[in-house]
Amino acid sequence: MRIGLHIADFTYPAGPAGLADDLSRIAVAAEEQGFSRVSVMDHLWQIRPVGPVETDMLEAYTVLGYLAARTEKVDLLAWVTAVTYRDPGLLVKAVTTLDVLSKGRAMLGVGAAWNDEEATGLGLFFPPTAERFERLEETLRIARQMWSDDDGPFEGTHYRLGATLNTPQPLRRPYPPILIGGGGERKTLRLVAQYADACNLFGGPELERKLDVLRTRCEEVGRDYDEIEKTVMARLDPADPKAAVEELRGYAALGVHHVHTVVPDVATIEPLRVFGSEIIPAAAEL
């Protein structure tokens, strides 16, 4: 099992003037300690479960481009992109650019979007739920087409592209892995089964049932369930490494391949060292 670092909070003691240096230290330390992925949220305001909306938040793909220049091994992605914030042609081009400049370390994390508060506040396009899911499916189809030899047009209900030319192509082959965020059983997990290389679910009592539903959705569309990487977003506490490893053991028993976590007090770097010495090596043996 592999462990990834999710950076959800940009409020550090040095303030905005020190943010670039703090982010660089965090990402480099995460890589040195054996984290396999580093992600950031695709939000423009802080989300309320993390902190007040007025606290510091940075735009995802600008951050990921910066981190690509500061790291060498970790995969980089938005966990997850709000599909309606960028038209799909631009989104696929952004992820392709990230992949080329990181030398093949980009992933596309994407979901149907949910934060109407920030979208309304900043005047971003935010259609009703059903339409967002329709646009998500078309975006997935466009990504697959742009990352293929087919540079012809795309005609969908919501998106029409005259040509899906994408040069250069990603370095990662056959294309940057696609992770779809969310556990919705009727729509999201069907899209995972049909289009994704990885799912993302939350740790908790519903996890086993969500995986069973995903297995069913795979059977319905003729997809091999084992082809899909199972990822879980969970809060692992470095203050209690033994409990963290035991939690990981439970996920491994369900077939989870990757656990992504927010690390408290990450700017101090010390919690990352605890992961590197006590949690990540144990997870690798599960």
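Mentor: Axes are lines fitted to C-alpha atoms, over the stretch in contact for helices, and angles run from 0 to 180 degrees between N-to-C directions. Helices (H or I, at least four residues) and strands (E, at least two) are DSSP runs, numbered from the N terminus. This is a predicted model: local features need pLDDT of at least 70, side-chain atom pairs count only at pLDDT 80 or more, and totals for chains, interfaces and linings use all residues. Residues are numbered from 1 along each chain as its sequence is written, and side-chain values use heavy atoms, leaving out hydrogens and water.

Trainee: At what angle do the axes of α8 and α9 cross?

Mentor: Helix α8 (residues 241–253) and helix α9 (residues 270–284) cross at roughly 25°, and their axes come within 9 Å. So α8 is roughly parallel to α9 (under 35 degrees; over 145 is roughly antiparallel, 65 to 115 roughly perpendicular, the rest oblique).

Trainee: Which residues in α8 and α9 meet?

Mentor: Pro241, Ala244, Val245 and Leu248 of α8 meet Val274, Glu278, Ile279, Ala282 and Ala283 of α9. Contact means heavy atoms within 4.5 Å. The crossing is right-handed (the near helix is turned clockwise from the far one by less than a right angle; anticlockwise is left-handed).

Trainee: What is the angle between α6 and α7?

Mentor: About 55°, for helix α6 (residues 188–195) against helix α7 (residues 207–221), with axes 8 Å apart. That value makes α6 oblique to α7. This crossing is right-handed too. Among the residues that meet are Leu189 and Val192 from α6, with Val213 and Cys218 from α7.

Trainee: How many disulfides are there?

Mentor: Zero. The rule asks for a pair of cysteine sulfur atoms within 2.5 Å.

Trainee: How do you know that the sulfur of Cys199 is too far for a bond?

Mentor: Its closest cysteine sulfur, in Cys218, is 8.9 Å away, so the rule is not met. Cys218 is in no disulfide either, with Cys199 as its nearest at that 8.9 Å.

Trainee: Why is Cys199 called buried?

Mentor: Its relative accessible area is 0%. Buried means under 20% (over 50% is exposed, in between is partly exposed; 1.4 Å probe, protein chains only). Cys218, at 1%, counts as buried as well.

Trainee: What makes Leu98 count as buried?

Mentor: Its relative accessibility is 6%, so Leu98 counts as buried. Leu98 lies in helix α3 (residues 88–101). Beyond neighbours within four places in sequence, Leu98 contacts Leu64, Gly65, Ala68, Leu76 and Ala106. The C-alpha atoms of Leu98 and Leu67 are 9.8 Å apart, across 31 residues of chain.

Trainee: What is the strand order of the open sheet?

Mentor: The nine strands run β3-β2-β1-β11-β10-β9-β8-β5-β4, with parallel pairing. The edges are β3 (75–78) and β4 (81–82): each has a single partner strand, so one side of each lacks a neighbour in the sheet.

Trainee: How many bridges join β2 to β3?

Mentor: Four, between β3 and the parallel strand β2 (residues 37–40). Two strands pair if DSSP finds at least two bridges, so β2 and β3 pass. Ser39 stands opposite Leu77 of β3. At the other edge, two bridges join the parallel strands β4 and β5, and Ala82 stands opposite Gly111 of β5.

Trainee: Which residues point each way from β5?

Mentor: Leu108 and Val110 go one way, Gly109 and Gly111 the other, and all are buried. Helix α5 (residues 129–146) lies across β5 (108–111) and β8 (178–181), at about 160° to β5.
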